[in-house]
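User: Please take a close look at one part of this structure, namely the pairing of charged side chains. I should like a connected account that then places this part in its wider setting.

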Amino acid sequence: SPAVLTVAERRWARDIARPLLATKPGADKALAAVLRPLMVRHVKADLQLPPPVVLPTWDGASRLLPTESQTEFTGRVCAAAAERIGQVMQRARLAWAKLMPAERGPRPRAAVFSEYL
């Protein structure tokens, strides 16, 4: 059976979703008007972020061992990647902790891109 939509869901479908899907003129402005009071947009300068630290790419690829399955291989590669990420983050956190409080930005965070994660 079809789902029962709330009044808000029906209005969203009528006023926003259908016009956007049909690429009707003005739909993008209607969407922006709906979202503007609900969302905050920042640019990097607003957030006073420190410059990123870009590390050399770590390529954890290795060869499938004759005795392991694809799942075991993927697990081994992911475990090595997790270990590497832990080491890099530990060094970053220690370096951050050594800074004077006035010099510290936000605590270090990592962005990790992997086909396995």
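Analyst: Asp15 counts as partly exposed because its relative accessibility is 32%, a value that falls between the limits of 20% for buried and 50% for exposed. This assignment, like everything that follows, refers to a predicted model. The side chain of Asp15 meets that of Arg14 in a salt bridge, with a distance of 2.6 Å from N to O. Arg14 is itself partly exposed, since its relative accessible area is 48%. Both partners of this bridge therefore belong to the partly exposed class, Asp15 at 32% and Arg14 at 48%.

In general, side chains of opposite charge can pair when their charged atoms come close. How many salt bridges does a search of the whole structure find? The search returns two. Besides the pair of Arg14 and Asp15, there is a salt bridge between Arg76 and Glu68, whose closest N and O atoms are 2.6 Å apart.

The setting of this second bridge deserves separate attention. Is Glu68 buried or exposed? Glu68 is buried, because its relative accessible area of 13% is under the limit of 20%. Arg76, by contrast, is partly exposed, with a relative accessible area of 32%. The bridge thus joins a buried acidic residue, Glu68, to a partly exposed basic one, Arg76. Glu68 is placed in the loop that runs between α3 (44-47) and α4 (70-98). The pairing with Arg76 also registers as a polar contact between the two side chains, at 2.6 Å. In addition, a polar atom of the Glu68 side chain lies 2.9 Å from the backbone nitrogen of Leu65. The side chain of Glu68 is accordingly placed with respect to two partners, the side chain of Arg76 and the backbone of Leu65.

A further arrangement involves a charged group and an aromatic ring. Arg104 lies over the face of Trp96, at 4.6 Å from the ring centre. As for pairs of aromatic rings, the count comes to zero.

These contacts belong to a protein chain with four helices and zero strands, its elements running α-α-α-α from the N terminus on. Of its 117 residues, 11% count as buried. Helix α4 includes Gln90, which is exposed because its relative accessible area is 51%, over the limit of 50%. The C-alpha atoms of Gln90 and Pro108 are separated by 9.4 Å, although the two residues are 18 apart along the chain. A second separation of this kind concerns Ala110, in the segment after α4. Between the C-alpha atoms of Ala110 and Met89 there are 7.3 Å, with 21 residues as their spacing along the chain. Ala110 counts as partly exposed, because its relative accessibility is 48%.

The surface also carries a nonpolar patch, formed by Trp12, Val34, Leu38 and Met39, with about 420 Å² of accessible area together. Of its members, Val34 is located in helix α2, which spans residues 27-35. Its relative accessibility of 34% is the reason why Val34 counts as partly exposed; residues enter such a patch only with over 30% relative accessible area.

Conventions. Residues numbered from 1 in each chain as written. Predicted model: local features only at pLDDT ≥ 70, side-chain atom pairs only at ≥ 80, totals over all residues. Heavy atoms only, no water. Patch = residues over 30% accessible without salt bridge, like charges linked within 9 Å, V, L, I, M, F, W, Y side chains within 5 Å. Areas by Shrake-Rupley, 256 points an atom, 1.4 Å probe, with all protein chains shown as cover. Salt bridge = Lys/Arg side-chain N within 4 Å of Asp/Glu carboxyl O. Helix = DSSP H or I, 4+ residues; strand = E, 2+ residues; numbered from the N terminus. Buried < 20%, exposed > 50% of the residue type's maximum accessible area, 1.4 Å probe, protein only. Phe/Tyr/Trp six-rings, centres within 6.5 Å; stacked < 30°, edge-to-face > 60°. Lys NZ or Arg CZ within 6 Å of the ring centre and 35° of its normal. Polar contact = N/O pair within 3.5 Å; in protein donor to acceptor, adjacent residues only side chain to side chain.
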